[in-house]
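Please open the model in a viewer, with side chains available for display. The tour below proceeds selection by selection.

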Amino acid sequence: MTNATVRAGASAPAAEWPTAQMAALPATWTASALCAQVDPELFFPEIGGSSAVTARRICAACPVRAECLAAALFEEGDCAPSYRHGIRGGLSPRARYALGRRKRSDQKEATA
């Protein structure tokens, strides 16, 4: 996990969190992350490696999965998938990229 700043304890889906609010509050959720209790290498699998399945299972049971995903989307911004690494919030780099694109597209439509 990183020391990213997100809104701690929020219950709204990660894709709905305002970016400005996420940047303003400390990341207290990281202390509750299940990934902090296992080998971090599980979350950076080799291509086609089986540890991705294990990492996703850990994320699926994690009580702060939404906060983790929100932090990943915030930190990665609109970086290409090749600049994203590891399983975060239960999603692969490509899946996070696609989710981030949809989120940015929805925000543009809402402001237009």
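Select E75 first: at 34% relative accessibility, this residue counts as partly exposed, a class lying between buried (under 20% relative accessible area) and exposed (over 50%), as computed with a 1.4 Å probe on protein chains only. The model is a predicted one, in which local features need pLDDT of at least 70 and side-chain atom pairs count only at pLDDT 80 or more, whereas totals for chains, interfaces and linings use all residues. Residues are numbered from 1 along each chain as its sequence is written, and side-chain values use heavy atoms, with hydrogens and water left out.

Next, add R88 to the selection. R88 and E75 form a salt bridge, with 3.0 Å between the closest N and O atoms; the term denotes a side-chain nitrogen of Lys or Arg within 4 Å of a carboxyl oxygen of Asp or Glu. This pair links distant parts of the chain, 13 residues apart: E75 belongs to helix 3, and R88 to the loop between helix 3 and helix 4 (93–111). Helices here are DSSP runs of H or I with at least four residues, numbered from the N terminus. R88 counts as buried because its relative accessibility is 13%.

How many salt bridges does the rule give? The count comes to 3, and the tour now turns to E76.

Select E76 together with R84. Their closest N and O atoms are 2.7 Å apart in a salt bridge, and both residues are buried. Then add R96, which forms a salt bridge with E76 at 2.8 Å between the closest N and O atoms. Here too distant parts of the chain are linked: R96 lies in helix 4 and E76 in helix 3, 20 residues apart. With a relative accessibility of 0%, R96 counts as buried; E76 is buried with a relative accessible area of 9%. Through shared partners, the salt bridges join E76, R84 and R96 into one network.

Move now to helix 2, residues 51–61, and display S51, A52, A55, I58 and C59, the buried residues of this helix. Looking down the axis of helix 2, one finds these buried residues within an arc of 125°, so they line one face of the helix; the arc is taken from the directions from the helix axis to the C-beta atoms. What covers these buried residues includes helix 3 (65–76), where contact means heavy atoms within 4.5 Å.

Finally, select R57, A60 and A61: these exposed residues are carried on the face of helix 2 turned away from its buried side.

Note on methods. Helices (H or I, at least four residues) and strands (E, at least two) are DSSP runs, numbered from the N terminus.
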